[in-house]
Amino acid sequence: YKLSVAPEMDIMEYCRKEWRGNTPVAKRMRKGYEAVAQKFASIRRVRGDNYCALRATLFQALSQATQLPSWLQSEDFTMLSENLLSKYDWIKQWQLKQKLGRKMGEISEEIKEYLILLRKKWKSISEIKGPIEKQQACDKLFKNEEEEYSLYEALKFLMLNTAIELYNDDKNGRRVPVFSWLLFARDTSSNPCQLMHNHLNHIGHSGGLEQVEMFLLAYALQYTIQVYRLYKYSTDEFITLYPNDPEEDWPVVTLITEDDRHYNIPVRMCQETML
């Protein structure tokens, strides 16, 4: 097996190993890491395939979960795939992970299994009281490839569901967040069907999440995703929030990126120095 999220390492030690030179880029990265190190002591490297944004976000959400989010508790959560497929025939083109030659009817059952697994794992991890035991449970889950990738399929499907809701809200004259306009203003995703074909189906296979899809992920999970974007150090985009006007009651997860493509996770918040 490969561990999807590497053990923790001191942030500045990691930075010195990765960014040795004296180029402007290396200097900027070191400054960025120094700023992160004011808040977090360690970093955990996330495996760099095209799932890394989903992996980093889900790992952080689970490792600090203390309860099941309300959307995971709802009665019709596990019926989502059946409900959507009954309304939108094109969802049959959903690209499930590496299983070719699957019959049309199976897709809804399979996604349902993934959604049930997501609820089960979230529930069991959120019920663990001790931080060390909770961390061990997360590490164990992210060593189990079969389960781990099933959870990403569930997340992608939740992103599709959220996109459909936003698209319909906009069409019906309801207020939608600004990112939703940007999402559907792209030539490649002017509606949810195109978004699925040209973007969501490729996540994990030939591409990762684009910026605007980070917003979609945040809305799907009802989490604020805070990202230290190191190459933007000393600009006002150094710390970016998805969404940028988060709901107050949404929990926050923090990620680090050097290039908006690959994400790692900072851990061990430093005790705020008492003045």
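**Entry 1: Asp249 and its surroundings**

I looked up Asp249 and found it in the loop that runs between strand E4 (239-242) and strand E5 (252-257). I note here that the model is predicted. I then asked whether Asp249 is buried or exposed. Its relative accessibility is 64%, and exposed means over 50%, so Asp249 counts as exposed.

I turned next to Glu248, which lies in the loop between E4 and E5. With a relative accessibility of 83%, Glu248 counts as exposed.

Which residues form the negative surface patch? I recorded Asp245, Glu247, Glu248 and Asp249.

**Entry 2: From Glu248 to helix H11**

I checked how far apart Glu248 and Gln211 are. In sequence they are separated by 37 residues, and in space by 22 Å, taken from C-alpha to C-alpha.

I then examined helix H11, which covers residues 211-221. How many of its 11 residues are buried? The count is 10, and the helix is mostly covered. Among the buried residues I listed Val212, Glu213, Met214, Phe215 and Leu216. The list of buried residues continues with Leu217, Ala218, Tyr219, Ala220 and Leu221. I reminded myself that an α-helix has 3.6 residues a turn, so residues three or four places apart point the same way.

I also looked just past the end of H11, where Gln222 takes a positive phi of about 55°.

**Entry 3: The sheet**

I traced the order of the strands in an open sheet of six and wrote down E1-E2-E6-E5-E3-E4, with mixed pairing. Why is one side of E1 and of E4 left without a neighbour in the sheet? Strand E1 (9-10) and E4 stand at the edges, and each has a single partner strand, so one side of each lacks a neighbour.

I went through several of the pairings. E1 and E2 run antiparallel and are joined by two bridges; Met9 has Ile43 in E2 as its bridge partner. Strand E2 (residues 40-44) is mostly covered, with four of its five residues buried.

E2 is also joined to strand E6 (residues 263-269), by four bridges, and these two strands run antiparallel. For Phe40, I found the bridge partner Met269 in E6.

Finally, I looked up strand E3 (residues 224-229), which is joined to E5 by six bridges. E3 and E5 run parallel, and Val227 stands opposite Leu255 in E5. I added a general note that in a regular strand the side chains alternate between the two faces of the sheet.

Terms used: Residues numbered from 1 in each chain as written. Predicted model: local features only at pLDDT ≥ 70, side-chain atom pairs only at ≥ 80, totals over all residues. Heavy atoms only, no water. Patch = residues over 30% accessible without salt bridge, like charges linked within 9 Å, V, L, I, M, F, W, Y side chains within 5 Å. Areas by Shrake-Rupley, 256 points an atom, 1.4 Å probe, with all protein chains shown as cover. Salt bridge = Lys/Arg side-chain N within 4 Å of Asp/Glu carboxyl O. Lys, Arg positive; Asp, Glu negative; His and termini not counted. Charge placed at Lys NZ, Arg CZ, Asp CG, Glu CD. Buried < 20%, exposed > 50% of the residue type's maximum accessible area, 1.4 Å probe, protein only. Pairing = 2+ DSSP bridges.
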